[in-house]
Amino acid sequence: MNKMYKKSFAVFTAAVLAAFLLIFLLVCCKKNQDKKNAELQKIAEDSGSENIILGFSQIGSESAWRTRNTESIFEAAARQNIQILFDDAQQKQENQLKAIRSFIIYQVDAIAFVPIVEDGWDNVLQEAKDAGIPVILVDRKINADPSLYSAFLGENSLEEGRNAARFLLQKFKYKKEDITIFEMSGTENSSVVKERASGFREIINKEPKFKIIHTENGDFLRSRGKEICDILLANNVRENGNTTNTLFFHGQKIDVVFSHNDSMTLGFLDSLDAHKIRIRDTVFISIDAEQKSIDALTKGKLNCVVECNPNLGPALMDLVKIITSGNSIPKTTYVTERVFTENDDFSKYEPRGY
C-alpha cells in the first residue's frame, strides 16, 4: 500500500511540475513577444510618417473578424497620418494581383495585403521589388521566395491550433475511450488553415485516443457552417429515423467539433437553433473570439474559443513607418493572443468590440 502511495505521489508530483513548466514557458514566450513589440513601437515613434502612402488589399468582408481587421488598419493609419489606397479583393486572387499592380503603378511607399491563398505571388512580388516598394504580408503567409517580401505580421496560426488541442487534452485527460473529432476547415490552400490543422494535430497525435473522423471545408463562411450542420442532421434522420441531441457522422458519434473560425461555428449553431436541437454531449472549439462566439461560450453552447487577434493596425503602421524610413524590420511579427474556456470567470470578460 505504501509502495502504491509513493508511486501515485510521484506521478502527481511529475504532473504538477509539468503544468508549472508549461505555464512558465507560455509566460516567457509572451514576455519576449511583448518586449519585441515594444521595441518596434519605440523605433516607429522615432520614424516620421509624413506623406506615407500605403497600398492595402484586403481579401473581403466575410466576417465580423475581417471587418474589425480592416477597421483596425484604417484607424491606426488615421492616427499616424498615413494615407491608404484600399482594395477589397472580394475573395478573388486575381483581384488582389490587379490591386497590387495598380499600387506599383501609383508608386506607393509600401504595400500590405492579406493573401487569399499561399501560391501564385512570385511574379507580382518581383515587380514590387523591382520598383523598390516594400511588401508586408498581413494575417496570412505565402509560398514564395522570402526575399520578395519584407515581413509577415499576424497571428501564430500554429499556436492557435495547438491551444485548441491543449484544451482537449485537459478536458479529456481522464477519459480512456476513443474521442472522435469532426473538423471544419477554412479556405483551401490558405496558410492559416494549414497551420491551424498542423498545430492541432501536433498536440492530439500525442494521445492515440483522439481521432479526426472527418474534415470538411467550410471556406470560413457562416453559410457553409450552417449547411454542414444541416447535412449532418439530415443524415442523422435518415440513418437513425429521428433527430437527437447527439451528433453523428456516418453512424459515428461526434465527441468534438473543431472549427477553424467563428463564422463557421456560428453557422453550425444557427442550424442547431433552427432545428431546436441542444447538443448535450459534444464539445465545441472555435477560433477567432468574436463577441458572438464569446457570448455562445458564456451560454454554454461552446466550450473553448481560441483568440485570433484582428487588431493588427497599430503594429502594421509601426512596421510601415520603420521600413519607409530606411530601417529594417523583423521578418515575422506575431500579435498577442489568449484562450477563453468554459472554466473562466465570465464576469471578468470585457466587450470584444467586434
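**Close-up 1. The crossing of helices α7 and α8 in a predicted model.** Helix α7 passes α8 in a right-handed crossing, meaning that the near helix is turned clockwise from the far one by less than a right angle. Helices here are DSSP runs of H or I with at least four residues, and strands are runs of E with at least two, both numbered from the N terminus. Helix α7 covers residues 222-240 and α8 residues 262-274, and the two pack at about 45 degrees with their axes 6 Å apart; axes are lines fitted to C-alpha atoms, for helices over the stretch in contact, and angles run from 0 to 180 degrees between N-to-C directions. That makes α7 oblique to α8, a term for angles that are not under 35 degrees, over 145 or 65 to 115.

**Close-up 2. The sheet and its edges.** Six strands form an open sheet with mixed pairing, in the order β7-β6-β10-β11-β12-β14, where two strands pair if DSSP finds at least two bridges between them. At the edges, β7 (210-217) and β14 (339-341) each pair on one side only.

**Close-up 3. Strands β12 and β14 with helix α9.** Strand β12, residues 304-307, pairs with β14 in the antiparallel sense over three bridges, and Val306 has Val339 in β14 as its bridge partner. Helix α9 (residues 291-298) lies across both strands, in contact through heavy atoms within 4.5 Å, and runs at about 150 degrees to β12.

**Notes.** Residues are numbered from 1 along each chain as its sequence is written. In this predicted model, local features need pLDDT of at least 70 and side-chain atom pairs count only at pLDDT 80 or more, while totals for chains, interfaces and linings use all residues, and side-chain values use heavy atoms, leaving out hydrogens and water.
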